[in-house]
Amino acid sequence: MKYIRRVLASIRKADSKYDLLNDGDKVVIGVSGGKDSLCLLKALSVYRLFSKKDFKIFPVCLDLGFDGFDASAIEAFASSIGAPLLVKDSREVYPILKEHSKDGRLPCSICSRMKKAAINEAANELGANKVAFAHHQDDAIETLLMNAIH
């Protein structure tokens, strides 16, 4: 549990410095099922309890149309922390990615833009005013290097 304290301290510091969360906020959290997004979901659910700010969180997972997609484990996790998961049907994404693939590799830039658009659409449907993604410095550096190399 030591890691969650560091994450919560980082969230509190960023929130204090940048005024990220306010009373009445409705925050959609993009949840992929990976460790980063599940950690963010857990951390924001705990942060709600001690931050003295009245905000709501809405975890959203996208069904992008990939074979074998199963959100049941993510749904169980989200439910266990009192934040029911919305699985948004975005199955039109995979066929578009397949059409634009090169040498069997799917285009990350198109996928990224489409995922962000789908999450923003879900946020609008839920009446949310903020969206949170679990990206970190390594993601930013990796994206920068991938774009520079390709």
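A residue is called buried when its relative accessible area is under 20%, exposed when that area is over 50%, and partly exposed in between. These terms are applied below to a predicted model.

**Helix 5**

In helix 5, the residues Ile110, Cys111, Ala118, Ile119, Ala122 and Ala123 are buried. An α-helix has 3.6 residues a turn, so residues three or four places apart point the same way. The buried residues of helix 5 are covered by parts of the chain that include strand 1, strand 2, strand 3, helix 4 and strand 4, the last of these spanning residues 130-132. Helix 5 itself runs over residues 108-126, a total of 19 residues. From its first C-alpha to its last, helix 5 reaches 27 Å, close to the 27 Å expected at 1.5 Å a residue. Just after helix 5 comes Gly127, which takes a positive phi of about 75 degrees.

**Nonpolar cores**

The largest nonpolar core comprises 23 residues, and those with the most contacts inside it are Ile29, Leu41, Leu44 and Ile57. At least two residues of this core come from each of helix 1, strand 1, helix 2, strand 2 and helix 3, the last of which covers residues 72-80. Helix 2 gives the most, with five residues. When its neighbours within four places in sequence are left aside, Leu44 is in contact with Ile11, Leu21, Ile29, Phe55, Ile57 and Ala132. Apart from the largest core lies another core, of 13 residues, which includes Val28, Val93, Leu97 and Ile110. Ile110 is also one of the buried residues of helix 5.

**Salt bridges**

Seven salt bridges are present in the structure. Three of them are set out in the table.

| Salt bridge | N to O distance |
|---|---|
| Lys53 and Asp15 | 2.9 Å |
| Lys53 and Asp19 | 3.9 Å |
| Asp63 and Arg91 | 4.0 Å |

Lys53 forms a salt bridge with Asp15. Because Lys53 lies in the loop between helix 2 (35-50) and strand 2 (56-63), while Asp15 belongs to helix 1 (residues 2-18), this pair ties together parts that are 38 residues apart in sequence. Lys53 has a relative accessibility of 22% and therefore counts as partly exposed, whereas Asp15, at 3%, counts as buried.

Lys53 also forms a salt bridge with Asp19. This pair likewise links distant parts of the chain, since Asp19 lies in the loop between helix 1 and strand 1 (26-30), 34 residues from Lys53. The relative accessibility of Asp19 is 46%, so Asp19 counts as partly exposed. Asp15, Asp19 and Lys53 are thus linked in a network of salt bridges.

The side chains of Asp63 and Arg91 meet in a further salt bridge. Asp63 is found in strand 2 and Arg91 in the loop between strand 3 (86-89) and helix 4 (93-99), so the pair ties together parts that are 28 residues apart in sequence. Asp63 counts as buried because its relative accessibility is 14%. Arg91, with a relative accessible area of 47%, is partly exposed.

**A nonpolar patch on the surface**

Ile141, Leu145 and Ile149 form a nonpolar patch on the surface, and together they have about 330 Å² of accessible area. Ile141 is found in helix 6, which covers residues 137-149. With a relative accessibility of 48%, Ile141 counts as partly exposed.

Notes: Residues numbered from 1 in each chain as written. Predicted model: local features only at pLDDT ≥ 70, side-chain atom pairs only at ≥ 80, totals over all residues. Heavy atoms only, no water. Helix = DSSP H or I, 4+ residues; strand = E, 2+ residues; numbered from the N terminus. Buried < 20%, exposed > 50% of the residue type's maximum accessible area, 1.4 Å probe, protein only. Patch = residues over 30% accessible without salt bridge, like charges linked within 9 Å, V, L, I, M, F, W, Y side chains within 5 Å. Areas by Shrake-Rupley, 256 points an atom, 1.4 Å probe, with all protein chains shown as cover. Expected span 1.5 Å × (residues − 1). Contact = heavy atoms within 4.5 Å. Core = buried A, V, L, I, M, F, W, Y, C linked by side-chain atoms within 4.5 Å.
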